Amino acid sequence: MKAEERARDLLARYPGPVPVDVEGILEAEGLELVEWTIQASEEMFLWPYVAVRPGLSQARRRWSIAHALAPHLMHRGNPLLLRRMDGVMWSRQEVQAEQFAAWLLMPEYEVSRLLSLDLWILADHFDVPPECVSLRFPR
C-alpha cells in the first residue's frame, strides 16, 4: 500500500480537524512518545517508542512524529529507523516516510480548497515546516 493510502486510512480511523492531532494518533496506535537527544537524528522509531529530539519547533516536532509513524504502519519488519538531520538518507523507506508525513499532516479533504495559497500560509495552516509543504503541494 502506498504512503498516501496509509495516511488516508489512518485519518479515516482518527478523524478530526486540522492541524491533525498527530500525538493523539500516536497514542491511539499504542506507541509512546519520548524526548531523547539523538546525535544524528531528529527522530527515531523503536517499537513501541517514538523518540524526538528535544527543542524542535512545534511544526518540526509534528513532522518528525508523523514521519516516525511510517515504519510502524508500512515497514513492520524494520523496528529501528533513524531520520538523519542532514537529509542524506534517501532510501525508498525514507521517501515513503516523507510522503506519509505529508499526506497525514496535510490531508486531502483540506488540500483541495487551499491550492492557491502561499507556501508560508499553508505551513502555518497545517502547522508543518515550510520546507515540507512542497512535498504535498508541488509548484
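Modeller: Buried here means under 20% relative accessible area, exposed means over 50%, and partly exposed is whatever falls in between (1.4 Å probe, protein chains only). This is a predicted model, in which local features need pLDDT of at least 70, side-chain atom pairs count only at pLDDT 80 or more, and totals for chains, interfaces and linings use all residues. Residues are numbered from 1 along each chain as its sequence is written, and side-chain values use heavy atoms, with hydrogens and water left out.

Colleague: Okay, in what order do the elements of the chain run from the N terminus on?

Modeller: Helices (H or I, at least four residues) and strands (E, at least two) are DSSP runs, numbered from the N terminus. The chain has seven helices and four strands. Starting at the N terminus, the order is α-α-β-β-β-α-β-α-α-α-α.

Colleague: And how many of its contacts with a separation of 6 or more, in %, come from residues 24 or more positions apart?

Modeller: A contact means heavy atoms within 4.5 Å. Of the 139 residues in the chain, 47% count as buried. For contacts with a separation of 6 or more, the share from residues 24 or more positions apart is 57%.

Colleague: Which element gives the largest share of the largest nonpolar core?

Modeller: A nonpolar core is a set of buried Ala, Val, Leu, Ile, Met, Phe, Trp, Tyr and Cys residues joined through side-chain atoms within 4.5 Å. This one has 38 residues, and Trp63, Leu69, Phe100, Leu104, Met106 and Phe126 touch the most other members. Two or more residues each come from α1 (3-13), α2 (22-28), β3 (49-52), α3, α4, α6 and α7. The largest share, eight residues, is that of α3.

Colleague: Leu69 sounds busy; which residues is it in contact with, leaving aside neighbours within four places in sequence?

Modeller: Leu69 is one of the core residues that touch the most other members. It also sits where α1 meets α3, along with Leu73 and Met74 on the α3 side. Its contacts beyond those sequence neighbours are Leu10, Val22, Ile25, Leu26, Leu31, Phe100 and Leu104.

Colleague: How are α1 and α3 placed: roughly parallel or roughly perpendicular?

Modeller: Their axes are 11 Å apart and the packing angle is about 95 degrees, taking lines fitted to C-alpha atoms over the stretch in contact and angles from 0 to 180 degrees between N-to-C directions. Under 35 degrees counts as roughly parallel, over 145 as roughly antiparallel, 65 to 115 as roughly perpendicular, and the rest as oblique. So α1 and α3 are roughly perpendicular.

Colleague: Against which helices do the buried residues of α1 pack?

Modeller: In α1, Ala3, Glu4, Ala7, Leu10 and Leu11 are buried. They span an arc of only 125 degrees around the axis, so they sit on the same side of α1; the arc is that of the directions from the helix axis to the C-beta atoms. The helices they pack against are α2, α3 and α4.

Colleague: What about α6: which exposed residues are on the face turned away from its buried side?

Modeller: In α6 (residues 119-126), Leu122, Ala123 and Phe126 are buried. Down the axis they fall within an arc of 100 degrees, so they line one face of the helix. Their cover includes α3 (58-74), α4 (92-105), α5 (108-111) and α7 (130-133). The face turned away carries the exposed residues Trp120 and Asp124.

Colleague: What is the relative accessible area of Asp127?

Modeller: Asp127 is in the loop between α6 and α7. Its phi is near 55 degrees, a positive value in a residue other than glycine. Asp127 is partly exposed, at 21%.

Colleague: Which residues does Glu110 touch, not counting those up to four places away in sequence?

Modeller: Glu110 lies in helix α5 and is buried, with a relative accessible area of 11%. Outside that sequence window it touches Val18, His125 and Phe126.

Colleague: Last one: how far apart in space are Ala68 and Glu98, C-alpha to C-alpha?

Modeller: Ala68 lies in helix α3 and is buried at 1% relative accessible area. Glu98 is in helix α4 and is buried too, at 6%. The two are 30 residues apart in sequence, and their C-alpha to C-alpha distance is 9.4 Å.
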